[in-house]
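This briefing introduces a structure to a reader who has not met it before. Please look over the sequence and the structure first, and then follow the topics below.

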Amino acid sequence: MNVLGNKSNHNFVLGIISILIPVVVTILIINFFSAFILLEKLQGLPVIMPIFLCPIGAMLGFISYRLYKGKLSLIGIIINILLFMFPIIYHVLGTFYFGV
């Protein structure tokens, strides 16, 4: 009997984590723009968080996809890559629109 459990269960967990990272960051970004819950301590951090967290989520999804070839991990990779580009596009469009 395997001590660590079933190999596919671990890869499934990696796929879930690779999807949970962008979901949580997206919720924080939506909250930043709409101010449903006032989180004044975070200020502009939700806009910058994808630059640091999405590569981690994409790597977890990539590892899971290499081992398991599941669609869940592939979706996680795609969502992480798209969300990684959000702060870059946000700052470029903000600079074009507002100047300086």
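Serine 18 is buried, with a relative accessible area of 0%, and this residue belongs to helix α1, which covers residues 7-34. The model is a predicted one, and the chain that holds serine 18 has three helices and zero strands. The points below begin with this buried serine and then turn to the core, the aromatic rings, the loop, the overall form and the confidence of the prediction.

**Serine 18 and asparagine 80**

- Leaving aside neighbours within four places in sequence, serine 18 is in contact with Gly57, Leu60, Gly61, Ser73, Gly76 and Asn80.
- Asparagine 80, one of these contacts of serine 18, lies in helix α3 and counts as buried, because its relative accessibility of 1% falls under the 20% limit.
- Seen from its own side, and again without neighbours within four places in sequence, asparagine 80 is in contact with Ser18, Ile21, Pro22, Cys54, Gly57 and Ala58.
- Gly57 is therefore found in both lists, as a contact of serine 18 and as a contact of asparagine 80.

**The largest nonpolar core**

- Which residues make up the largest nonpolar core? This core has six residues in all, namely Val25, Leu28, Ile29, Met49, Cys54 and Leu83.
- The elements that give two or more residues to this core are α1 and α2, the latter covering residues 45-68, and the largest share, three residues, comes from α1.
- Isoleucine 29, a member of the core, touches Pro46, Pro50, Leu83 and Phe86 when residues up to four places away in sequence are not counted.
- Cysteine 54, also listed in the core, and methionine 85 are 31 residues apart in sequence, while their C-alpha atoms are 9.5 Å apart in space.
- Methionine 85 itself is found in helix α3 and counts as partly exposed, at 37% relative accessibility.

**Aromatic pairs**

- How many aromatic pairs does a search of the whole structure find? The search finds five aromatic pairs, and two of them are described here.
- The rings of phenylalanine 32 and phenylalanine 33 have centres 5.2 Å apart and planes at 70°, so this pair is edge-to-face.
- Phenylalanine 32 counts as partly exposed at 32% relative accessibility, and phenylalanine 33 is likewise partly exposed, with a relative accessible area of 45%.
- The rings of phenylalanine 86 and tyrosine 90 have centres 5.8 Å apart and planes at 25°, so this second pair is stacked.
- Phenylalanine 86 and tyrosine 90 both lie in helix α3, which covers residues 71-98, and they are four residues apart, which is about one turn of the helix.
- Phenylalanine 86 counts as partly exposed at 25% relative accessibility, and tyrosine 90 counts as partly exposed at 33%.
- Phe32, Phe33, Phe86 and Tyr90 together form one aromatic cluster.

**The loop between α2 and α3**

- Is lysine 69 buried or exposed? Lysine 69, which is found in the loop between α2 and α3, is exposed, with a relative accessible area of 55%.
- The phi angle of lysine 69 is near 60°, a positive value in a residue other than glycine.

**The chain as a whole**

- Read along the sequence, the protein chain follows the pattern α-α-α.
- The radius of gyration of the protein chain is 16 Å, well over the 13 Å that the globule rule gives for 100 residues, so the chain is more spread out than a compact globule.
- Taken along the principal axes, the C-alpha atoms of the protein chain fill a box of roughly 60 × 25 × 15 Å.
- Buried residues make up 26% of the 100 residues in the protein chain, and the chain exposes about 7,300 Å², of which carbon and sulfur atoms supply 77%.
- Among contacts between residues at least 6 apart in sequence, 68% join residues at least 24 apart.

**Confidence of the prediction**

- The protein chain averages a pLDDT of 87, and 91% of the residues score at least 70.
- Confidence is lowest in α1, at a mean of 87, and highest in α3, at 93.
- Where pLDDT is low, the predicted coordinates should not be read in detail.

Notes: Residues are numbered from 1 along each chain as its sequence is written. This is a predicted model: local features need pLDDT of at least 70, side-chain atom pairs count only at pLDDT 80 or more; totals for chains, interfaces and linings use all residues. Side-chain values use heavy atoms; hydrogens and water are left out. Rings of Phe, Tyr and Trp (its six-membered ring) pair if their centres lie within 6.5 Å; planes under 30 degrees apart count as stacked, over 60 as edge-to-face and the rest as tilted. Buried means under 20% relative accessible area, exposed over 50%, partly exposed in between (1.4 Å probe, protein chains only). Contact means heavy atoms within 4.5 Å. A nonpolar core is a set of buried Ala, Val, Leu, Ile, Met, Phe, Trp, Tyr and Cys residues joined through side-chain atoms within 4.5 Å. The radius of gyration is taken over C-alpha atoms; the globule rule is 2.2 Å times the number of residues to the power 0.38. Accessible areas come from the Shrake-Rupley method with a 1.4 Å probe; for residues, only the protein chains shown count as cover. pLDDT is the predictor's confidence in each residue, from 0 to 100.
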